[in-house]
Amino acid sequence: MAFTIRQLQFFVAVAEQGTVSGAAQNLSISQSSVTEAIKELESDLGVELFERHPRGLNITHKGHQFLRHATKILADVSDARRSFSSEQAVAGGRLQLGVTSLVAGYVLSDLLARYRRAYPGVEVSAIEDNGDYLEHLLVGGKLDIAVMVTSNLRDRTALQSEILEVSAYRLWIPLSHRLASADIIGISDIASEPLIMLTVDEIEENTGKLLSAIGARPHVAFRTRSVEAVRSLVATGAGVALLPDLVYRPWSLEGDRIESRDISGSLPVVQVGMVWRRGSSLPQSARDFIGLAQSQRMVRQRL
């Protein structure tokens, strides 16, 4: 029996929530329906998608591979439905986009691919830079829209923003770490741990604030602008990392497992959104991009 769209929706929800109960609550259905759908999906694929443990579920390597296919299938289905519910833009035009480093590969890539499929006649140009410079380009009219971290937006009087995704900070540790089996982890538990510090956007600033709040000075073992480098270093035991869940993946490029754990207490969140100049007359290409991003956000919220 071939898997269904509904099973894919349930699978993605469980992968995002980490528990069957959380997915069921998010989908407003019974836990038994979710459990049965996942079992049928695993049976159809012939692989184990999740590892079961007392605190919930961990997605397996095979599950992580299938998750990329599942999200693409659901996005394609959404695109197909949209093609019959709204008139597609066949005219040309230009769209000038900006993006910050943290979100370039985790938010914009899928969104931009969907936009190109929906509006093939539009010429798209995109640049990646830090948030301050993108704000400067937006205010100066050099960019139509930027997809960026908005929680540290500087010029809120001149710029308008709309949140696409909110991501909480979590602790990344290797599978063999002493905290891997802890029920509760506090900031004080990691104060003396060597940190792998990601230096893009606001990550280093927020991590420093977290540790200084308890009087601890960050013990930074390695600084890097590469998320993949963070994954490899954490997985091999070189240190731990505090990063938004947005960029978490359970495997390094070398195939080593990375665990992600909640930290008790009040942690900051990263807000990713679209930003454009307040009061500007946006071209149709930019308005279409905003509309597509809004529809994608609503699809994610329904999953």
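In this predicted model, I196 of strand β7 stands opposite F222 in strand β8. The two strands, β7 covering residues 195–198 and β8 covering residues 220–224, pair in the parallel sense over four bridges. The side chains of β7 are divided between two directions, since L195 and M197 point one way from the strand while I196 and L198 point the other way, and all of these residues are buried.

L198 also appears among the contacts of V227, a residue found in helix α8, which spans residues 227–235. When neighbours within four places in sequence are left aside, V227 is in contact with Y106, W172, L198 and V247. The relative accessibility of V227 is 11%, and because residues under 20% are classed as buried, V227 counts as buried. A further distance places V227 in relation to V200: the two residues are 27 apart in sequence, and their C-alpha atoms are 9.3 Å apart in space.

A second set of parallel pairings is centred on strand β3, which comprises residues 94–99 and is joined by six bridges to strand β4, residues 123–128. Within this pairing, L95 stands opposite V124 in β4. The connection between the two strands includes helix α5, residues 101–118, and together β3, α5 and β4 make a right-handed β-α-β unit. Strand β3 is also paired with strand β5, residues 145–149, to which it runs parallel and is joined by three bridges; in this case G98 stands opposite A146 in β5.

Aromatic side chains were examined next, and a search of the whole structure finds six aromatic pairs. In one of them, the rings of F11 and F50 have their centres 5.6 Å apart and their planes at 55°, so the pair is described as tilted. F11 belongs to helix α1, residues 5–17, whereas F50 belongs to strand β1, residues 50–53, and the pair therefore ties together parts that are 39 residues apart in sequence. Both partners fall below the 20% limit for burial, because F11 has a relative accessibility of 0% and F50 has a relative accessible area of 1%.

In another pair, formed by W172 and Y248, the ring centres are 5.7 Å apart and the planes lie at 70°, so this pair is edge-to-face. W172 lies in strand β6, residues 159–174, and Y248 lies in the loop between β9 (241–244) and β10 (258–261), so the pair ties together parts that are 76 residues apart in sequence. Both W172 and Y248 are buried, and W172 is one of the residues in contact with V227.

The aromatic arrangement around F50 extends beyond a single pair, as ring pairs link F3, F11, F50 and F66 into a cluster. The surroundings of F50 also include residues without aromatic rings: apart from neighbours within four places in sequence, F50 is in contact with F11, V14, A15, I38, E42, L57, N58, I59 and T60. By contrast with these contacts, the C-alpha atoms of F50 and S212, which are 162 residues apart along the chain, are separated by 37 Å. A ring is also involved in an arrangement with a charged group, in which the charged end of R257 sits over the ring of W251, 5.2 Å from its centre.

Buried residues are also found in helix α2, residues 20–27, where V20, G22, A23, A24 and L27 are buried. In an α-helix there are 3.6 residues a turn, so residues three or four places apart point the same way. Just after α2, S28 takes a positive phi of about 60°.

For the chain as a whole, nine helices and 11 strands are found. The radius of gyration is 21 Å, close to the 19 Å that the globule rule gives for 303 residues, and the chain is therefore as compact as a globular protein of that length. Taken along the principal axes, the C-alpha atoms fill a box of roughly 55 × 55 × 35 Å. Buried residues make up 46% of the 303 residues. Among contacts between residues at least 6 apart in sequence, 73% join residues at least 24 apart.

Notes. Residues are numbered from 1 along each chain as its sequence is written. This is a predicted model: local features need pLDDT of at least 70, side-chain atom pairs count only at pLDDT 80 or more; totals for chains, interfaces and linings use all residues. Side-chain values use heavy atoms; hydrogens and water are left out. Two strands pair if DSSP finds at least two bridges between them. A crossover is right-handed if, with the strands pointing away from the viewer, the path from the first strand over the helix to the second runs clockwise. Rings of Phe, Tyr and Trp (its six-membered ring) pair if their centres lie within 6.5 Å; planes under 30 degrees apart count as stacked, over 60 as edge-to-face and the rest as tilted. Buried means under 20% relative accessible area, exposed over 50%, partly exposed in between (1.4 Å probe, protein chains only). A charge sits over a ring if NZ of Lys or CZ of Arg is within 6 Å of the ring centre and within 35 degrees of the ring normal. The radius of gyration is taken over C-alpha atoms; the globule rule is 2.2 Å times the number of residues to the power 0.38. Contact means heavy atoms within 4.5 Å.
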